[in-house]
Amino acid sequence: MAGGTAEDRLARLGLTLPAVAAPLASYVPALRTGPYVYTSGQLPLVEGKLGVTGKVGAEVTPEEAKDLARICALNALAAVKSVIGDLDRIVRVVKVVGFVASAPDFTGQPGVINGASELLGEALGDAGVHARSAVGVAVLPLDAPVEVEIQVEVAD
């Protein structure tokens with residue numbers, strides 16, 4: 001991994017942190033307790049809109065869904081930054097939970113959520129290595145194909 005800050009590494013990937021997505025209901029995008037920040041589930045919103053809807057393995061291909069999981073992870077990093085001010089305060093990504101709205105016979109959830117895991121590794125290096133769950137579900141908010149939440153440990 002090349003040096004620089006997490007945001008420098010994102011920029012080299014052609015990415016910038018988006019504005020934090022407004023909550024769809026009664027919750028906050030991210031919350032710090034002690035040395036941990038927990039994000040709410042992040043949808044693959046770009047400029048406040050879902051570009052793709054539907055079930056993975058039906059209306060959405062696994063490759064498209066993997067790209068959407070990457071967007072979810074970027075949105076999760078934006079939510080973390082809104083709480084801690086600087087992504088370089090992240091000591092480690094502790095856990096990633098990915099939800100994949102899946103067609104009944106789709107079993108490739110881990111491959112889809114690799115999009116999020118890979119982005120976190122590219123942005124944070126060794127601090128981006130994490131435990132993870134990838135879960136298939138019937139439907140997600142707004143008919144999103146993917147939703148990702150993360151837990152990170154931060155330094156003061």
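Contact is taken here to mean heavy atoms within 4.5 Å. On this basis, in the predicted model, helix H2 (residues 62–84) lies across strands E1, E2, E5 (90–101) and E7, and H2 runs at about 40° to E7. A further helix, H3 (residues 109–124), also packs on the sheet, where H3 touches E5, E6 and E7. The direction of H3 makes about 155° with that of E5.

The sheet itself is open and consists of five strands in the order E1-E2-E7-E5-E6, with mixed pairing. Strand E1 (30–33) and strand E6 (131–137) occupy the edges; each has a single partner strand, so one side of each is left without a neighbour in the sheet. From one strand to the next, the twist averages 15°. In general, the strands of a sheet pair through backbone hydrogen bonds, in either a parallel or an antiparallel sense.

Both senses occur among the pairs described here. Strand E2 (residues 36–39) is joined to strand E7 (residues 146–154) by three bridges in the antiparallel sense. Within this pair, Tyr36 has Glu153 of E7 as its bridge partner. E7 also runs antiparallel to E5, and nine bridges join these two strands. Here the bridge partner of Phe99 is Glu147 in E7. E5 pairs in turn with E6, in this case in the parallel sense and over seven bridges. Ala101 is bridged to Val137, which belongs to E6. The chain passes from E5 through H3 to E6, forming a β-α-β crossover that is right-handed.

The two helices that lie on the sheet also pack against each other. In general, such a packing is described by the angle between the helix axes and the distance between the axes. For H2 and H3 the angle is about 40° and the axes are 7 Å apart. H2 is therefore oblique to H3, a class for which the angle must be neither under 35 degrees nor in the range 65 to 115 nor over 145. The crossing of H2 and H3 is right-handed. On the H2 side, the contact is made by Pro62, Ala65, Lys66, Ala69, Arg70, Ala73, Leu74 and Leu77. H3 contributes Gly111, Val112, Ile113, Asn114, Gly115, Ala116, Glu118, Leu119, Leu120, Glu122, Ala123 and Leu124. Sorted by class, the contact of H2 with H3 comprises 13 nonpolar, three polar and four charged residues.

Backbone geometry was also examined in the loop between E6 and E7. Leu142 is located in this loop, and its phi is near 60°, a positive value in a residue other than glycine. Asp143 has its place in the loop between E6 and E7 as well. Although Asp143 is not a glycine, its phi is positive, at about 65°.

Key
Residues are numbered from 1 along each chain as its sequence is written. This is a predicted model: local features need pLDDT of at least 70, side-chain atom pairs count only at pLDDT 80 or more; totals for chains, interfaces and linings use all residues. Side-chain values use heavy atoms; hydrogens and water are left out. Two strands pair if DSSP finds at least two bridges between them. Helices (H or I, at least four residues) and strands (E, at least two) are DSSP runs, numbered from the N terminus. Axes are lines fitted to C-alpha atoms, for helices over the stretch in contact, and angles run from 0 to 180 degrees between N-to-C directions. A crossover is right-handed if, with the strands pointing away from the viewer, the path from the first strand over the helix to the second runs clockwise. A crossing is left-handed if the near helix is turned anticlockwise from the far one by less than a right angle, and right-handed if clockwise. Ala, Val, Leu, Ile, Met, Phe, Trp, Tyr, Cys and Pro count as nonpolar, Asp, Glu, Lys and Arg as charged, and the others, Gly among them, as polar.
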